[in-house]
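Student: I would like a close look at one part of this model. Please take a single strand and follow it outward to its surroundings.

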Amino acid sequence: MTDSIKVLLVDDEEEFVTTLAERLEMRGFDPSIATSGDQALSMVQDKAFDLIVLDLMMPGIGGLEVMKQIKSANPDMPIILLTGQGSTKEGMEGMNQGAFDFLMKPLDIEELISQIHEALGKTSA
C-alpha cells in the first residue's frame, strides 16, 4: 500500500521533477517538489517526509551536501540519490555517507517505486 507515503523530490530540472511527482501521485504517493538544495533544506524543516529522492548534481548546494545536512538533523531519513551524469563515483560516495541507494537517469519509475518501498521496509503494492 503506497497511500500517503510522503516523498520529497529534489532536482533542479523542474520539468523532470514535476513529471516524476505526477507519476508518483498517480500511484498513490504524496510527493512534494524542491528545485534547489536550499529549498529542500527549508522544506525538511517545515514538513515531515517519509523519504527523499535527491539529485546529486545541482547548482548551489549539491546533493551530497544537502544529504549531509539532512542526515545531521535526521540520521534515519531514507534518501535515494539520483545522478544523470553517468557517474557512479558520487553515487557510491553518497551511499558511504548514508544514502539508501542511488539510481541513474533516465529513471525507471518502477525501479524507483521498488526502492522507495524497500527503503521504508514495505512490500510493493
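Student: Which residues point one way from β3, and which the other way?

Tutor: A caution before the answer: this is a predicted model. Leu51, Val53 and Asp55 point one way from β3. Ile52 and Leu54 point the other way. Such alternation between the two faces of the sheet is what the side chains of a regular strand do. Both sets are buried. The strand, residues 51-55, is thus mostly covered, with five of its five residues buried.

Now the partners. Strand β1, residues 6-10, pairs with β3 in the parallel sense over four bridges. Within that pairing, Leu8 stands opposite Ile52. Strand β4, residues 79-83, is also joined to β3 by four bridges, and these two strands run parallel. Here Asp55 stands opposite Leu82. The chain gets from β3 to β4 by way of helix α3, residues 63-73, and this β-α-β crossover is right-handed.

Asp55 deserves a longer stop. This residue lies in β3. The UniProt record, an unreviewed entry, places the feature "modified residue: 4-aspartylphosphate" at Asp55. In the model, Asp55 has a relative accessible area of 2%, so it counts as buried; the cut-off is under 20%. Leaving out residues up to four places away in sequence, Asp55 touches Val10, Asp11, Asp12, Gly63, Leu82, Thr83 and Lys105. Leu82 is thus on the contact list of Asp55, and stands opposite Asp55 in the strand pairing as well.

Two names on that list lead further. Take Gly63, which is found in helix α3. Gly63 counts as buried because its relative accessibility is 0%. Beyond its neighbours within four places in sequence, Gly63 is in contact with Leu54, Asp55, Leu56 and Met58. Leu54 and Asp55 on this list point opposite ways from β3. Gly63 and Asp11 are 52 residues apart along the chain, and their C-alpha atoms are separated by 8.9 Å. Both Gly63 and Asp11 touch Asp55.

Then take Lys105, another contact of Asp55. A cis peptide bond joins Lys105 to Pro106, with omega about 0°. Pro106 lies in the loop between β5 (101-104) and α5 (109-119).

To put the parts together: β3 pairs with β1 and with β4. Its residue Asp55 is buried, carries the UniProt annotation, and touches residues including Gly63 and Lys105.

Technical notes
Residues numbered from 1 in each chain as written. Predicted model: local features only at pLDDT ≥ 70, side-chain atom pairs only at ≥ 80, totals over all residues. Heavy atoms only, no water. Buried < 20%, exposed > 50% of the residue type's maximum accessible area, 1.4 Å probe, protein only. Pairing = 2+ DSSP bridges. Right-handed = clockwise from strand over helix to strand, strands pointing away. UniProt positions renumbered as here; feature names shortened; annotations may be inferred. Contact = heavy atoms within 4.5 Å.
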